[in-house]
Every structure is written in structure tokens, then in C-alpha cells.
Amino acid sequence: MTSRTVDTSGAATHGRRLLLFVVCSLLLANVVQWGLCRALHLGNPGSIKGDVAAFMHMRQWTDSWLPMMKSLDYFDANSTKPIYAAPLYDTLIYSLASELPLVALRRLGVGDAAMLRLLAVFSWLSVVGVAGVSLAMGRGLLRRRGADLSGADVLAVILACLGCYPLLKGYALGNAQTMLSFGFALMLYLWTSGREREAGVVAALLAFVKPQYVLLLVWMVVRKRWGAMWAFLICSVVLLTMSVAVFGWHNNLDYVGVLASLSHKAQSHYANQSMFGTLNRMIFNGENLGYTPHVYTPYVSWVYRTTVLTSLVLVCGVLLYPWRKLRGSTADIAAMGLASVAASPMAWEHHYGIVFGIFAWFWFAYGCWEAKRPWLWGLSFFLCDNFLAATNLLADRRGWNVLQSYMYFGALLLLVLLMRLARRAEGVETVAA
């Protein structure tokens, strides 16, 4: 990507430009899409109205919380039996270290009902926190060039956050990913501000909930960011020690088998925005519009091999492109985090909540200073942050149903843009600590 930056006076209208883009994006995804479907007699395509209402009224389901809580119930009643063998309504796919906060709450005497309310509050605050961290990051980046946040900037970020489908979906489901999206935005802010050790600690916390984020540690080693690497490792040792003390070695070691099984099974539901989901939907293998817990897509060898191959290409592409010229910029670590999600065979829509922090960083570090409008960045934001429900009308149309994977393709576009941007000068990225 060639440099197209302008002097600081060119950023005087950046707030209005951002607000205009956010409003247009929300209108296109949530009003124009609905209107066109109704005008063409295609019916109601669906919307984020229910997710917005759930957020506004602080209501959520128990997608992550119930398996975690039921696992603790099982362990309390059967402390000598494998915790991952617990009969649950859905599978526990997190490491046992992620259960430690719930263990602490129970030992403080917090009951299940109160715990669910607390988790809903923490999830709600995580969504708000994504906006707050994005604004803090934006303020620091703008001040580096003698500018500051405007009222339009603040309004645009808040509106974008309230309309961000992956964030709201994760909250409505009651999924731990909502907190991970906040953690990822915080990690980017810390990295941008030069606090790499703190960023390494946050990255370790992310990895102990979603193991694919261990690729951030691999990235730190390849980029020789030793401070962040040691912080990641020390935090990991502390968490693992605590987990072993509570659950024992045998239960923690069983997680290796869980990870091995997850690499061979996933679901083809349209919300699985990955290569695995895309290929299976194309050949009508497994569920698409419907969803049944515990029912995984029938194994197809070439789909599995293609998924593994594309995952390796994504991960190795970020790690090795061209690593001798990179110094571990924010664009670089953001690309690694995004690749760890997109490369997974099971990348649900809400897993892409991490892109909000990425877009906020890009806009305030680069986008608002460029003479030419960053249309490709805008397109990737539109694809990754919205619910384009009309694509589900193509579910039974061979070939065309690939468009159901719009979020995955938006993430791939964003990944390419981040990798190209990582080669540019990094001086503007650093915010004074």
C-alpha cells in the first residue's frame, strides 16, 4: 500500500467523515437491505433488532456460561471423574483456567442466579469497554499529530459499537467472546502505546479462553518481542498453576484431547464464517439455516484437507510475510490475531468482534489522514461488522450460497490490508504512554 498521508490540517473533517461513513453503513445494512427485500417480495430477511434490544435491556442467553457452570457442578459432585466428560447441553470447549473466575465467585458464596446477572453486567460493560478503549486509543493517536477527538468522533464510535453485529450477537448469546473482543481491543491499545509486557499478559488471558490465540505467542517469538513473550509465558504459568491446584493435572491434560477433537469437527451453520463452513454449505453438507447443538457436519476428507491448507496459508502468510522487514507493528499483531480467528474451522460471527478495535486503530492512526478515501478498508468494515441477512435467501442456491460467508471474506480482505499496511512507517502508531 503506497503512502497517501496528508498534513494535519487535512484531518480537520475526519470526525464528520467517520460519522457519515458509520451512519451510511448502518443504514445500508439495517434499513436499505430490509427495504429492498420487502420491495422485491422476498420477505423479512432478519435484522439485529433483537440483539440491540437484548443489549439495551441487559438480557442475554447462557451460551458460554451454562456449560461452564454445569461443568463446575459436575466437578463438585464427581471430583475424581474427568470434567470434560460431563454430560452437558453443549460442549465445554474452554480451558479450565477460564473457569477460575467462576470458581472464585462460588467460593465467595455467589449463587447461580446472581452469577448469571454478574456475567451479564460484565459482558455489557465489555461492549461499552470496546468503545471506550477505541476512543482512548484514537485520542492518543490523534494527539501525536496535534489533533484531538471531536464530538463527531465520539458519536461515530458509539454508534458503530451499538450497531456492531458481532459484538451484539456475542452479548445476546451470553458468550465469553464479548469479553475477548474487549481484551483484544485493550491489547491493541497497550501495544500501540508501547506497553508490550502488559499487552503480552492480556494476550495470554485471551489464549486461555480461546487457544487459537496462542499464535500471538508464536508471533512474539518470530518478531523477537521478548518482553511481551516473557510476560505471556509468566502469566500462562501462573494461570496453569492455579488451574492445576483447583482441578488437578488429569483434568487439565484432558484439554489436549478436546483440542484434537475440535480440529476434526465443526458445524456448517451459516454463522460459522470460516473456510470449513463455506465449503460444506457449498456442497449442502450439514445444517445451514438450522442449528442443533451436538450435531456436527459429516466428515468430508477433501473439505478437511482444504480447511487445514488454507489455515496454514493464512497463519504462515502473516508470520513470514516478509518478516525480516517487520518490527512487530500494531498492524502486524492485529493481522496475527485476525488470522488466528479466520483460520479456525469454527469461526462464529461473534468471534469477529475483535475487528472493531482493529478498525478503530486503523482510522485514527492512518485512515483519517489520507487524501484518498480508504474504500477497501470501508468495504471490509461493512462486511465484518454487519448482519447481511439477505444472503441467507441464497442458502439453497448452489454456488451463490458462498455469499453467506461475507464476514469471512471481509476478514480475508482486512487481513491483506493489514499485512500491506504493516510494511509502512510505524512512527505514527506509537502513543505516548
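A crossing of two helices is called right-handed if the near helix is turned clockwise from the far one by less than a right angle. Keep that in mind as we walk through this structure, which is a predicted model.

Let's start with a pair of helices. Helix 9 (residues 196-207) passes helix 11 (residues 226-247) in just such a right-handed crossing. Their axes come within 7 Å and cross at roughly 40 degrees. That angle is neither under 35 degrees nor in the range from 65 to 115, so the two helices are oblique to each other. Where they meet, helix 9 contributes residues including V201, A204 and L205, while helix 11 offers, among others, A231, F232 and L239. Sorted by character, the residues of this contact are 10 nonpolar, 3 polar and 2 charged.

Now turn to the salt bridges, of which the structure holds 7. One of them joins R223 to D332, with the closest N and O atoms 2.4 Å apart. R223 sits in the loop between helix 10 and helix 11, whereas D332 belongs to helix 15, so this pair links parts of the chain 109 residues apart. Are these two residues buried or exposed? Both R223 and D332 are buried.

Another salt bridge brings D73 and R106 together at 2.8 Å, N to O. It connects helix 3 with helix 4, across 33 residues of the chain. D73 has a relative accessibility of 30%, so it counts as partly exposed. These two residues also belong to a network of salt bridges that takes in D76 and D112.

Finally, R143 pairs with D148 at 3.4 Å. Here R143 is partly exposed at 45%, and D148 is partly exposed at 34%.

Definitions and conventions:
Residues numbered from 1 in each chain as written. Predicted model: local features only at pLDDT ≥ 70, side-chain atom pairs only at ≥ 80, totals over all residues. Heavy atoms only, no water. Axes fitted to C-alpha atoms, helices over the stretch in contact; angles between N-to-C directions. Helix = DSSP H or I, 4+ residues; strand = E, 2+ residues; numbered from the N terminus. Parallel < 35°, antiparallel > 145°, perpendicular 65-115°, else oblique. Contact = heavy atoms within 4.5 Å. Nonpolar A, V, L, I, M, F, W, Y, C, P; charged D, E, K, R; others polar. Salt bridge = Lys/Arg side-chain N within 4 Å of Asp/Glu carboxyl O. Buried < 20%, exposed > 50% of the residue type's maximum accessible area, 1.4 Å probe, protein only.
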